[in-house]
Amino acid sequence: MEFKDAITGKNINKKFGKFELDIPEIHIPEGFATAFIGENGAGKTTLLNILAGLRQDNKGEVRYFENSLSIDDNGVRERIGYSGTKHHLLPHWTGEQVKDLSKMLFDNFDEKKFEEICKAINIDDSVFGPNGKMIAKLSDGNKMKLSLATVFARSTDMLILDEPASPLDPLMRDLLSDMLRSYLADGNGQRTVVFSTHNISDMENVTDYIYVIDDGKILEHGFVTDIKEKYVLVKGDGKADKKIKDLMINFHENSFGYEGIVLSDKMDSFAGMNLSFETPGLFQISVALLKMNSKLRMPEM
Amino acid sequence: MKLLHNSGTPIYKQIAEQLKEDILSGKIKEGEYLPSIRGLAQDLRISVITTMKAYEELANEGLVTAAQGKGFYVNSQDTELLKEQHIRKVEENLTLAIKASKVAGLTDEELIDTLKMLIDIEKE
């Protein structure tokens, strides 16, 4: 499927000691929600920070929106909302200060909308008012909700959210998905969302495009519908022979049978075998891809 | 619209099927626009790409047309034609079933009973 780029990145490179983020090319489709999926330490946050213009000590070029603008061009930062997991809201600030700062930094910050959102998503209100508490006293969930409120209270064209769902409870995650879909619907194809997650099952219903990232590199990317057609979940009884095993990207076996993810275009190799085939979920696909490279293993129990 | 998330039928297919029924039954009329892709995604609480794929499927079947920047509208005139095409498809498939039933040695009554039974199962 063809799409316009909301962000185009080329030759992005950043080294920290042994770790290297190396992204020859990245395209974030305009009008859709794109998810970065990967293990802890895969480079998702570094990449998001580069895309959000928070980090500029990297190599490469990043361009934004319809006229290939630079992050420092007039008005570009104003059009992007960012929320992160690190303390980009300083811990000793009160909720009141967060609000005042947002007002000062962004012309498109709507104070009334901010207050409405805070009420609607039930943010602990002890941080507001003249004697408000420091936000360091808030739970991780409330901190994230406050950060999201500042972002959604602005009229923007793009949201870049680093692990927005992780600290949230299931109800709030569900609500966040609704808020993101509504953000995209209001934009009528001109608003874009980019977020990272290691909990893709929770966000699958608001994910249009994925980048699977591992060890600083892109392992797979594409529209979710295409990716789901590219892979098949194969299940069989008894023991798998070597031929089947070799075709599988990941492989699980127990005393009853086995299963694994396989490329759909290899399906012919399974003709005539007594196997069942299913469309895998995003979680299964990303786990399979990540497992190929992962250093994780089951400890002795 | 009723969507089953674990039915084995992809969500986009379910949406396409239900819209197709609405179009063929005249519930959505010729020339009318389908809900916006992102609006429908919001209402159904699914991803944008899923509704987009459903609409593309309908467009491929000639039921709707994409108007640049305006969305998808239901095609005029050919609804009757499409209905006929679908009836022909039903006839073709039933003919195949009749042939298969001969091979299996079913009587006409048994074949009709089987069809009735399958209709009842579908309804559930």
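The points below concern a predicted model and take up the contact between chains A and B, followed by the two domains of chain A.

1. Between the chains, 17 residues of chain A are in contact with 14 residues of chain B, where contact is a matter of C-beta atoms, placed from the backbone, lying within 7 Å.

2. On the side of chain A that touches chain B, helix 5 (170–187) and helix 7 (224–230) of chain A each contribute at least two residues, and it is helix 5 of chain A that provides the largest share, namely five residues.

3. As to the composition of that side of chain A, its residues that touch chain B fall into seven nonpolar, seven polar and three charged.

4. Within chain A, the domain assignment distinguishes domain 1 (5–215) from domain 2 (227–293), and the C-alpha centres of domain 1 of chain A and domain 2 of chain A are 35 Å apart.

5. These two domains also touch, in that 11 residues of domain 1 of chain A are in contact with eight residues of domain 2 of chain A. On the domain 1 side, the elements that give two or more residues are helix 6 (200–203) and strand 8 (209–214) of chain A, with strand 8 of chain A supplying the largest share, three residues.

6. Sorted by class, the side of domain 1 of chain A that touches domain 2 of chain A consists of four nonpolar, three polar and four charged residues. For any further description of the contacts, the size of an interface is often given as the accessible area lost when the parts come together.

Terms used
Residues are numbered from 1 along each chain as its sequence is written. Chains are lettered from A and ligands numbered from 1 in the order in which they are written. This is a predicted model: local features need pLDDT of at least 70, side-chain atom pairs count only at pLDDT 80 or more; totals for chains, interfaces and linings use all residues. Helices (H or I, at least four residues) and strands (E, at least two) are DSSP runs, numbered from the N terminus. Ala, Val, Leu, Ile, Met, Phe, Trp, Tyr, Cys and Pro count as nonpolar, Asp, Glu, Lys and Arg as charged, and the others, Gly among them, as polar. Domain bounds come from an automatic or database domain assignment.
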